[in-house]
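Biologist: I'd like to learn how to read a structure like this one, feature by feature. Can you walk me through it?

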Amino acid sequence: MKSIRLGTRGSKLAMFQANYVANLLTKSGIQTTILPIETKGDKILDVSISKIGSKGVFTEELETKLAAGEIDIAVHSAKDLPSRLPKGFEVIAFTEREKVNDIIISHKTDFPDLSDSSKTIVLGTSATRRIATLKYFYPHVKTVDIRGNLQTRVAKMESGVCDGLLLAYAGVHRMGYDSLIKKELPVTEFTPAVGQGSIGVEIHESLDADLKAIVKSAVNHRASSTCLKAERSFLRILEGGCSIPAFALAKWDGNTLLLEGGLMQIDGKERLFASYSGKEEEAEQLGERLAEEIKSRGGDKLLKEIKQRLNG
């Protein structure tokens, strides 16, 4: 039986995702050893991700291990993967996608509706996309920066730092916090981050070709992977990382792939949005066309402003 060393971040959620991939590999007759690896994003918790200054904030250390041959594959939350990978690296599989929505969790039984501007609501989030979306649709809602693993964030919320947390459904569900979900937010407003809800498998070019083929066959979900190909192509043209308030969601309507997405000002004063549709084999081109459309409608200027602000 073939054996694979699987690298992952060490949080409970990352380990859950690693075990999910390991189970898929086991079903294909591959033994796995899971090796937790601490990343820059795990070590630096007192600074927002946008200020750390690295697109590979959750991936660089795993890529170092891949290149050195210390692990065979790296498992990531797909939304943490940079849109451009270093030379010699490749994402060969994306798992079947979980529900993509952002949600609000809270320990309070009487959590108010977001549209009720008479109520003071403080939500914890460190994502520029979520902050910008709140400022655009619900400017009365306040935010506080909260980082760390899900358990740490929940503890901070319960201590009174905020009324609720704005998170991705996938992570909350995988960690068994469904009972805390107060609101599932519509994708028409809270269009998710690129890749949200899926798990990606990254390799280095030195990986044995037969092993690569086996891993891809065992893990890759074709319909989800095509959606992510379109979304990641969009983000690649924008040259955006997880600190840019960009968003995109691809979904299927029969055999037609629908892609919608855009870009926001950090302060939520402007929201650029567009959509395209096409065939499966056009996934990357759809992403490129969407990105060029957004850039032509003021996105180029917006991106410069965002990067200046984040680097300021």
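Modeller: We'll go through strands, a helix, ring pairs and a few loop residues in turn. Keep in mind that this is a predicted model.

Biologist: Let's start with strands. Which residues of β5 are buried, and on which side does each one lie?

Modeller: The general idea is that side chains in a regular strand alternate between the two faces of the sheet. In β5, D102 and I104 are on one side, I103 and I105 are on the other, and all of them are buried. Both faces of β5 are therefore covered, given that buried means under 20% relative accessible area.

Biologist: And how many bridges join β5 to β8?

Modeller: There are 4, and the two strands run antiparallel. To find your place in that pairing, look at I105, whose bridge partner in β8 is L165. β5 is also joined to β9 (residues 181-184), again antiparallel, by 3 bridges. On that side, I103 has E184 of β9 as its bridge partner.

Biologist: Where would I look for a hairpin?

Modeller: Try β11 and β12 (residues 256-264), which pair in the antiparallel sense over 8 bridges. A handy marker is A250, with L259 in β12 as its bridge partner. The hairpin has 2 residues between the strands, and G254 takes a positive phi near 65° there.

Biologist: Now helices. Which residues of α6 are buried?

Modeller: With a helix, check which residues are buried and then ask where they point. In α6 (residues 150-158), the buried ones are L150, R153, V154 and M157. They sit on the same side of α6, because they cover an arc of only 100° around the axis.

Biologist: What do the buried residues of α6 pack against?

Modeller: They pack against β5 (102-105), β8 (164-168) and α7 (169-174). So you meet β5 again here, the strand with both faces covered.

Biologist: What should I check at the two ends of α6?

Modeller: At the start, look for a side chain reaching back to the backbone: a side-chain oxygen of N149 comes to within 3.2 Å of the backbone nitrogen of Q151. Just after the helix, look at the backbone angles: G160 takes a positive phi of about 105°.

Biologist: On to the rings. How many aromatic pairs does a search of the whole structure find?

Modeller: It finds 4. One of them is F137 with Y138, a tilted pair at 6.5 Å centre to centre and 45° between the planes. F137 counts as partly exposed at 27% relative accessibility, whereas Y138 is buried at 13%.

Biologist: And why is the pair of F247 and F273 called stacked?

Modeller: You read that from the angle. Their planes are at 20°, so the pair is stacked, with ring centres 6.4 Å apart. The pair links distant parts of the chain, as F247 is in β11 (residues 246-253) and F273 is in β13 (residues 271-278), 26 residues apart. Accessibility adds to the picture: F247 is buried at 1%, while F273 is partly exposed at 29%.

Biologist: Which residues do ring pairs link into a cluster?

Modeller: Y136, F137, Y138 and F190. Rings can have charged neighbours too: the charged end of K99 sits over the ring of Y169, 4.6 Å from its centre.

Biologist: Last topic, loops. Is S83 buried or exposed?

Modeller: Don't take a loop position as the answer; look at the accessible area. S83 lies in the loop between β3 (73-77) and β4 (89-94), and it is buried, with a relative accessible area of 7%. Leaving out residues up to four places away in sequence, S83 touches R232, L235, R236 and G240.

Biologist: How does D267 read by the same steps?

Modeller: D267 lies in the loop between β12 and β13 and is partly exposed, with a relative accessible area of 24%. A polar atom of its side chain lies 3.1 Å from the backbone nitrogen of K269. Beyond residues up to four places away in sequence, D267 touches K135 and R309.

Biologist: Where does R309 belong?

Modeller: R309 is in helix α10 (residues 283-311) and counts as partly exposed at 45% relative accessibility. For a sense of scale, the C-alpha atoms of R309 and S118 are separated by 31 Å, with those positions 191 residues apart along the chain.

Note on methods
Residues are numbered from 1 along each chain as its sequence is written. This is a predicted model: local features need pLDDT of at least 70, side-chain atom pairs count only at pLDDT 80 or more; totals for chains, interfaces and linings use all residues. Side-chain values use heavy atoms; hydrogens and water are left out. Buried means under 20% relative accessible area, exposed over 50%, partly exposed in between (1.4 Å probe, protein chains only). Contact means heavy atoms within 4.5 Å. Rings of Phe, Tyr and Trp (its six-membered ring) pair if their centres lie within 6.5 Å; planes under 30 degrees apart count as stacked, over 60 as edge-to-face and the rest as tilted. A charge sits over a ring if NZ of Lys or CZ of Arg is within 6 Å of the ring centre and within 35 degrees of the ring normal. The arc is that of the directions from the helix axis to the C-beta atoms. A polar contact is a pair of N or O atoms within 3.5 Å; within protein, one must be able to donate a hydrogen and the other to accept it, and residues adjacent in sequence count only if both atoms are side-chain atoms. Two strands pair if DSSP finds at least two bridges between them.
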